[in-house]
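Subject: The structure we talked about

Hi,

Here's the structure I promised you. Have a look at it first, then read on for what I found.

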Amino acid sequence: MAKPNIEKEHPSILQCVRELKKGQIPPWKAEENLAEKYGITQPLNFKAGALCRQRYIEEVTGEKFCFIQIPEKPYKQSYTCPEHNLIWEIEAKDTDLTCSLCGSKLESSKQTSALVSNYIGGQEDYYSYAGRIKVTGTIQKEFTNLLVYGTGLGPIGVTRGCFLINKFGGAYIQTSESARAARCLGFIFLSEKSRNQAIHVIENNLPELISKMDAKMTEFSGRTGPVEFGRAESRKGFILYVEFIADFKNARGHGDISRAVGFAKHELEKILNNTDIEYKLSMIAQGYDGDLKPSPRNKRGRFASASVRIPLEVFQDEFGTHPDRFLEMIEVDKTGSQKLGCQFYSGMGGEIIPAVYRATKLNPRSCLVSSFQNTFAGVDGSDLVYTVELPNIESGIVSCREGLIPPTGREALRIMGVRTSEEFSASLAAQVLAGEFNLALEIAREKLYKP
Ligand SMILES: [Zn+2]
């Protein structure tokens with residue numbers, strides 16, 4: 001698509017990009033800056049503001065926006081339903097201007113506002129810019145953050161968090177080299193003795209079975225790791241779980257491990273049928289393989305953690321709150337979460353993680369397992385250390401048989417600086433850290449929910 005000619009009409013856009021680069025204005029102030037300083041007023045400043053952020057991102061990343069486009073009218077308008085007295089906010093291009101509750105024709109209140117905070121483009125999926133973050137540790141680089149977050153100030157919070165964390169050396173990242181995919185077989189035996197005999201027979205056949213399974217997972221370089229046996233008792237009989245966990249570097253591996261374990265089921269049934277060990281049932285035991293189950297014991301995905309370290313002596317001056325107060329507040333929040341039965345704490349991660357998955361559109365589209373998060377805060381020596389841990393990040397990073405990634409998603413990945421699944425995990429953990437750290441500070445400083 002040809003570049004919008006708005007830049008030719010308004011050369012001041014380039015000046016605003018320069019101000020963004022120098023850090024003279026925060027990215028979410030572009031629209032306001034264009035109106036006040038350069039006379040580009042509403043509603044034209046919405047398109048110009050998004051364009052400024054796009055050009056700024058292009059200059060700092062060296063990547064071009066092509067598929068994440070800015071429409072002609074990237075803003076919303078306010079209307080009122082005369083019947084309900086309800087205020088509607090509708091995207092400017094929408095032509096349905098009736099109240100869906102009563103059918104009344106909506107009355108325009110002539111007020112316009114941005115589609116989402118820090119909007120940078122996208123039709124229907126509204127992309128927000130959420131700052132850049134330096135990471136050190138197992139991955140060392142600077143990521144650009146793009147989120148399809150939706151309503152709310154989340155993208156601004158992440159941008160602010162990144163700014164604070166970068167000031168203290170960036171986020172320290174730890175990632176595992178591989179991600180895991182798991183599928184489980186389940187059997188019911190009539191006696192404990194038969195179950196024990198079966199374990200013995202299966203163990204003896206594993207080396208040959210695993211090499212045949214690995215041969216079925218070569219496309220994504222999947223490798224079966226140790227096989228885990230689990231036992232459970234029920235009135236139906238003696239249950240045996242045989243769990244196969246495979247490692248994948250850049251694929252999710254879900255399809256490959258499913259096919260390989262389907263093969264293993266068939267082979268193990270043949271082997272058991274050749275013995276006198278009786279079993280009542282043989283099945284794919286989905287309850288134990290972790291698929292779509294957010295749980296602290298889930299075996300799927302990749303581990304990534306991100307930490308920021310702040311010297312205690314500068315904490316109060318830098319953040320306007322005492323470190324003791326900050327730590328006590330984290331304690332209250334974590335305890336509250338535990339009282340609900342959650343074994344984890346997420347203040348914003350539950351929104352940020354889906355927003356990254358929506359922006360990148362990779363496989364899996366549903367990030368249920370990946371959204372599990374732990375948060376830690378404490379004192380280490382003379383520093384306060386704040387950490388988030390994402391133990392189960394599932395991500396297939398290439399567009400392939402595992403799942404097509406549309407051009408907007410591939411473009412987002414390129415602009416973010418994410419090439420591998422490990423980099424995706426590092427970028428995700430760093431963004432969650434930035435969002436959570438900023439939110440925790442806002443709560444400690446009583447900036448939230450002001451009456
Ligand atoms: Zn109505």
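Let's start with a small puzzle: which residue in strand 3 does Tyr-79 stand opposite? Before the answer, one caution: this is a predicted model, so please keep that in mind throughout.

The residue you're looking for is Ser-108. To see the setting, find strand 1, residues 75-81, which is joined to strand 3 by 5 bridges, with the two running antiparallel. They belong to an open sheet of 3 strands in the order 2-1-3, paired in the antiparallel sense. Strand 2 (86-91) and strand 3 (107-114) are the edge strands, and each of them pairs on one side only. From one strand to the next, the twist averages 30 degrees.

There's a second open sheet for you to find. This one has 4 strands, ordered 9-10-8-11, and its pairing is antiparallel too. At its edges stand strand 9 (223-234) and strand 11 (279-284); each has a single partner strand, so one side of each is left without a neighbour in the sheet. Ignoring direction, neighbouring strands here are turned by 20 degrees against each other on average.

Now zoom in on strand 9 and strand 10 (residues 237-248). How many bridges do strand 9 and strand 10 pair over? They pair over 10 bridges, in the antiparallel sense. If you'd like a spot to click on, Ser-234 stands opposite Gly-237 in strand 10. While you're there, look for helix 7 (residues 254-273), which lies across strand 8 (179-189), strand 10 and strand 11. Helix 7 runs at about 30 degrees to strand 8.

Next, two pairs of helices. Take helix 2 (residues 12-21) and helix 3 (residues 30-38): their axes come within 11 Å and cross at roughly 125 degrees. The two helices are therefore oblique to each other. Helix 2 passes helix 3 in a right-handed crossing. On the helix 2 side, the contact is made by Ser-12, Cys-16, Glu-19 and Leu-20, and on the helix 3 side by Ala-30, Asn-33, Leu-34 and Tyr-38. Sorted by class, that contact has 5 nonpolar, 2 polar and 1 charged residues.

The other pair is helix 5 (residues 154-167) and helix 12 (residues 421-444), with axes that come within 7 Å and cross at roughly 95 degrees. Why is helix 5 described as roughly perpendicular to helix 12? Because angles of 65 to 115 degrees count as roughly perpendicular, and the axes cross at roughly 95 degrees. Helix 5 brings several glycines to this contact, including Gly-154, Gly-157 and Gly-161. Helix 12 adds residues such as Leu-433, Ala-434 and Phe-437, among them also Gly-435. By class, the contact of helix 5 with helix 12 has 8 nonpolar, 6 polar and 1 charged residues.

Finally, step back to the whole chain. It is divided into domain 1 (77-107), domain 2 (167-177 + 301-444) and domain 3 (179-288). Notice that domain 2 is listed with two stretches, 167-177 and 301-444. The C-alpha centres of domain 2 and domain 3 lie 34 Å apart. Where these two meet, 13 residues of domain 2 are in contact with 7 residues of domain 3. The side of domain 2 that touches domain 3 has 4 nonpolar, 6 polar and 3 charged residues.

Happy exploring!

Technical notes. Residues numbered from 1 in each chain as written. Predicted model: local features only at pLDDT ≥ 70, side-chain atom pairs only at ≥ 80, totals over all residues. Pairing = 2+ DSSP bridges. Axes fitted to C-alpha atoms, helices over the stretch in contact; angles between N-to-C directions. Parallel < 35°, antiparallel > 145°, perpendicular 65-115°, else oblique. Left-handed = near helix turned anticlockwise from the far one by under 90°. Nonpolar A, V, L, I, M, F, W, Y, C, P; charged D, E, K, R; others polar. Domains from an automatic or database assignment.
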